[in-house]
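This report describes selected parts of a two-chain structure, taking the strands, helices and chain contact in turn. The sequence and structure are shown below.

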Amino acid sequence: MTTTATPPAKPQANTELQRRMLREMLLIRRFEEKVAESYALGKIGGFCHLYIGQEAVAVGVSAALSPEDYIICSYREHGQALVRGVPARAVMAELFGKATGCSGGKGGSMHLFDAGRRFMGGHGIVGGHLPLATGLAFAIKYRGGDEVCICFFGEAAVNIGAFHEALNMASVWKLPVIFLCENNRYGMGTAFERVAAVTDVVEHACSYDIAGETVNGMDVLEVHRATERAVQRARKGGHPTLLEVRTYRFMGHSMSDPLHGVYRTKEEVEEQKKKDPITQLMHRLKDEGAIDQPGVDALDAEIHAEVDDAVRFADESPDPAPEELGRHVLAD
Amino acid sequence: MPTITYRDALNQALREEMQRDDTVFLMGEEVGLYQGAYKVSRGLLEEFGAQRVVDTPIAELGFAGVGVGAAMGGLRPVIEFMTWNFAVLALDQIVNSAAKMLYMSGGQIRMPIVFRGPNGAALQLSSQHSQAWESWLAHIPGLKVVAPATPADAKGLLKSAIRDNNPVMVLEGEMLYNTKGDVPEGELLVPIGQADVKRAGSDVTLICHSKTVTVALKAAEQLASQNVSAEVVDLRSLRPMDEPAILASVAKTHRAVVVEEGWPHCGVGAQVVDIIQRDAFDQLDAPVLRVTQADVPMPYNKQLERLAKPSPEKVVAAARRVLYLD
Amino acid sequence: MPTKVVMEALSPTMEEGRLVKWTKAVGEAVKTGDTLAEVETDKAVMELVARADGQLLQQLVAEGATVPVGDVVAYVGAPGETVAAPPAESGDPKGHGRGAVAVVVAPAPASPALPAVAVVATDATRVRASPLAKRIAKEAGVDLKLLRGSGPGGRVVARDVETAPLPALRPSPLGSPVPAPSGAAYEDVPLSQIRKTIAKRLGASLGPVPHFFLTSEVDMERAAEAREALNRQLGETGKIGFNDIILKGVALALVKHRACNAWWQDDHIRYWNEVHLGMAVAIEDGLITPVIRNADRKPLSAIGSEARALAQRARERKLKPEEYTGSTFSVSNLGMFDIDQFTAVINPPEAGIVAVGSIVPKPVVQDGQVTVRRRLRLTMSCDHRVIDGATGAAFMQTLKQMLENPLAMVL
């Protein structure tokens, strides 16, 4: 049951939900802008992959999940953590490597965890966490639960064996799992069509006899509705779904990579920015009279304050104690 | 005390732990309907059903990762690799996912998972199927690695591994599955990280594990006829390693030979030698020698294969050298 | 010729298989590749297939029986053909398919994992000593510079310090003397200082066991006569050979010369009160020494039958460990190879071995006349740490007298 064509997005979600979505998308945007700034100031180290441009995906998905559902992500997961409810303070502190971070300062940008919120981590090896998603769904079914597991990954992971092994087993065992491919068109600096024989990721759903949908990732409501359908399939009959969400990152692959250059043009990036999911939703809400400019400004100020607070908190938090070095290598 | 095979000892361990804890399940190639490639899981599908004895596709990376995910979801998976040679495909999940989950989540996500299967050479299986992986696995912080040599240790260590809240690699031996030994009735738990003196002696310590325990015991027998009293220390666990046991024996004998199935370069024996030189330097009367697999891929030919493997004769020769008898 | 159907190694580690079910009955036609039986291996139930065309002539194994790999389980042949071979036969001598023993079998050349100990050039004034030797020397107040190292590159090792000619020597960590049980099979005697010195010097001069050799020519005429007479009396049942007479002679001579019936035990000598004679037997790829226990107390006929049985079992490699260990003295006989005389190597920890040559007719002077007599040359190898020249010579003299006067043996 592969459906590559979805009905055109027609706003149906209620105003309150859309306002919440706007707030979450703005939070991610402002948070990531602050991360870029902190990185430039040397407060954040290592690899750091920003989510700017892709906010609608995490936000649209999150609105369709219940708190018991599992989320597991690749290393581009700041946004997913925030919308899952991991406090901005704990995420920022983790990026700063502080003891108060959501992984105690041991994970960093690529390994945000909040097991209590069933946020099962950012994982750093491309494709490596897809089998983990199948395993989490296996555990759900084993226990007879009605949760689902949703797994975020980039389109480059489609070329790795783990993708195929994970989808195959999820289908064979009818597990409640949603594989959500955020197709932002570039694996680092390599355009997908240069390295993939099949460039429509959703086609792979056929290979494993699971549901597939292509979704406009710049439209938060479309992402939301597609996720709701996938969640329903998973909860009802343990039928997995492959969602190909077409999106675009406005920043470089990571903080140490250029925004554009040999692999994509400045013009292309500018063209894509015209489809900015936040602007789109804001216009829609304004058209519907659900929000006005002063309202937007107030919301933005509130979010700025929240992000500034997170930075302050992270700045003031202590480093992990030296004895933390040897802790948590093994469980008791 | 009942005498049973190593294979049946493992089977008992799996059955008892699955009866005891319904979050324990077995997953791997041919573990269910086929009753296990080496029949370790014989009868388990019938007793526990397909939900808990799960046949997988041939996709080591995939099902190892499924196991890791299931452990994240609160289960206690036992993942069987038909052999550890195939587990190399799953190394990403073992090393990057299982070993590090607890640490990089700041202690939030425990990883109670067992990866098990036969390790090392059997007979004439040539290069790709005759490899000992313990030094690869024991290198990784966050993993525990055990390699039982006897049926009793196999049962006791597998049961301990299943109850452990960390990823435990259980390295079995195809050539050991048919070997028999006394296994005490009732609850049998062998603590992970404890070596076992399989034969007491006073002149030289032979440090070994898994299949090389047999080799060392045969060597000790030959040495006895030459009036050399060899102590055979079975490490049983490679990570953590029982350093006090190694040091106590060397303090008694002043000479040591490490016997292992793996290749020499950066092998398990190198670690043992490091422990001895660091903490028993003044006890040594001779450099510690190692008997390992020859530093070549395993050949198919029977005679060449025999040349490549550690043998009692090689161990005797090394023991005589550290005793300055040759 | 009927074709044997053997239990095949159906898995790499299979040593035996259980014949679950015959799928062909006796008399049924079979073609190469036909399934003859189902066999349960260590891993699975597999099919045993025919390797020849014809008819299943005979099944040698019942359903449910477990059969070692290589054993014959059936015969396939032409209709009416008879099976002459004995029913069950061992696998081929190369041990094909008997997988699990591959870990041992033959001594392998030195492993690349045992590199030669590299001797690193160092400051000449620095004493090269093992860490343990240094520690013992320090504790015992021994000056390492005064010692000669016996280890590689002159390294002073523990034993060099322990045997240093100084009053305050520490007890050896290399095992302590085993006390002899009272009235038991042997007596352990501590080494005297001179014995220690002899041991050390001779050991250093000629390898671990300092051998010396004593040869004596024995007249075997009377022994031959006695043998013929005895064999006439015994008939076909149990022939006595010269070797049996020699074994008996050696055993009795040892009773009289306990000093030669001894083990070198490094820090003491064990003198045996029992005589357990090792008897070197050549086997296909080597040598093994089965033991005739209490040979001094056994009649000639018993020694003869036991020696033959042990030799046979040795050649078939069926000796149990207790049948080839624990000898107190050994005899090696190469007479059957027309060797006049040879020197045998001592089997440690024993202190002696007698090498037996051929019995050869020779002209000898007897009572002033040249006559032809059957003569035998015996050579005793002695461990000089245990046996001195005169001690060994006295033993040989007794042995010669025994063999030349066989009646003395029955006294």
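A residue is called buried if 20 or more other C-beta atoms lie within 10 Å of its own. The model described here is predicted.

## Strand β7 of chain B

Strand β7(B), residues 168-172, is mostly covered, with five of its five residues buried. The side chains of this strand leave in two directions: B:Val168, B:Val170 and B:Glu172 point one way, while B:Met169 and B:Leu171 point the other way.

Strand β7(B) has parallel pairings with β5(B) and β6(B). With β5(B), residues 114-118, the pairing runs over five bridges, and B:Gly117 has B:Leu171 as its bridge partner. With β6(B), residues 144-146, there are three bridges, and B:Val146 stands opposite B:Val170. Between β6(B) and β7(B) the chain passes through helix α8(B), residues 151-163, in a right-handed β-α-β crossover.

## B:Arg7

Is B:Arg7 buried or exposed? B:Arg7 counts as buried because it has 24 C-beta neighbours inside 10 Å, where the cut-off for a buried residue is 20 or more. B:Arg7 belongs to helix α1(B), which spans residues 6-20.

Leaving aside neighbours within four places in sequence, B:Arg7 is in contact with B:Tyr38, B:Lys39, B:Val40, B:Tyr177 and B:Asn178. The C-alpha atom of B:Arg7 is also separated by 8.1 Å from that of B:Thr179, although these two residues are 172 residues apart along the chain.

## The sheet of chain A

In chain A, six strands form an open sheet with parallel pairing, in the order β2-β1-β3-β4-β8-β7. Its edge strands are β2(A), residues 119-122, and β7(A), residues 211-216, each of which pairs on one side only. From one strand to the next, the twist averages 15 degrees.

At one edge, β7(A) runs parallel to β8(A), residues 241-246, and six bridges join the two strands. One of the residue pairs is A:Gly212 with A:Leu242, its bridge partner in β8(A). Helix α5(A), residues 130-143, lies across four strands: β1(A) (70-73), β2(A), β3(A) (149-154) and β4(A) (177-183). The helix runs at about 175 degrees to β3(A).

## Helix α12 of chain A

Helix α12(A) covers residues 293-316, 24 residues in total. From its first C-alpha to its last it reaches 34 Å, close to the 34 Å expected at 1.5 Å a residue.

Which residues of α12(A) are buried? They are A:Ile303, A:Val307, A:Ala310, A:Val311 and A:Ala314. The cover over these buried residues includes α1(A) (15-40) and α4(A) (88-95).

## Contact between the chains

The contact between the two chains takes 35 residues from chain B and 33 residues from chain A. On the side of chain B that touches chain A, the elements giving two or more residues are α3(B) (60-72), α5(B) (91-98) and α6(B) (101-104). Of these, α3(B) gives the most, with 10 residues.

How do the residues on this side of chain B divide into nonpolar, polar and charged, and how many are there of each? There are 15 nonpolar, 18 polar and two charged residues.

Terms used
Residues are numbered from 1 along each chain as its sequence is written. Chains are lettered from A and ligands numbered from 1 in the order in which they are written. This is a predicted model: local features need pLDDT of at least 70, side-chain atom pairs count only at pLDDT 80 or more; totals for chains, interfaces and linings use all residues. The expected span of a helix is 1.5 Å times one less than its number of residues. A residue is buried if 20 or more other C-beta atoms lie within 10 Å of its own, exposed if 12 or fewer, and partly exposed in between; C-beta atoms are placed from the backbone. Two residues are in contact if their C-beta atoms, placed from the backbone, lie within 7 Å. Ala, Val, Leu, Ile, Met, Phe, Trp, Tyr, Cys and Pro count as nonpolar, Asp, Glu, Lys and Arg as charged, and the others, Gly among them, as polar. Two strands pair if DSSP finds at least two bridges between them. Axes are lines fitted to C-alpha atoms, for helices over the stretch in contact, and angles run from 0 to 180 degrees between N-to-C directions. A crossover is right-handed if, with the strands pointing away from the viewer, the path from the first strand over the helix to the second runs clockwise.
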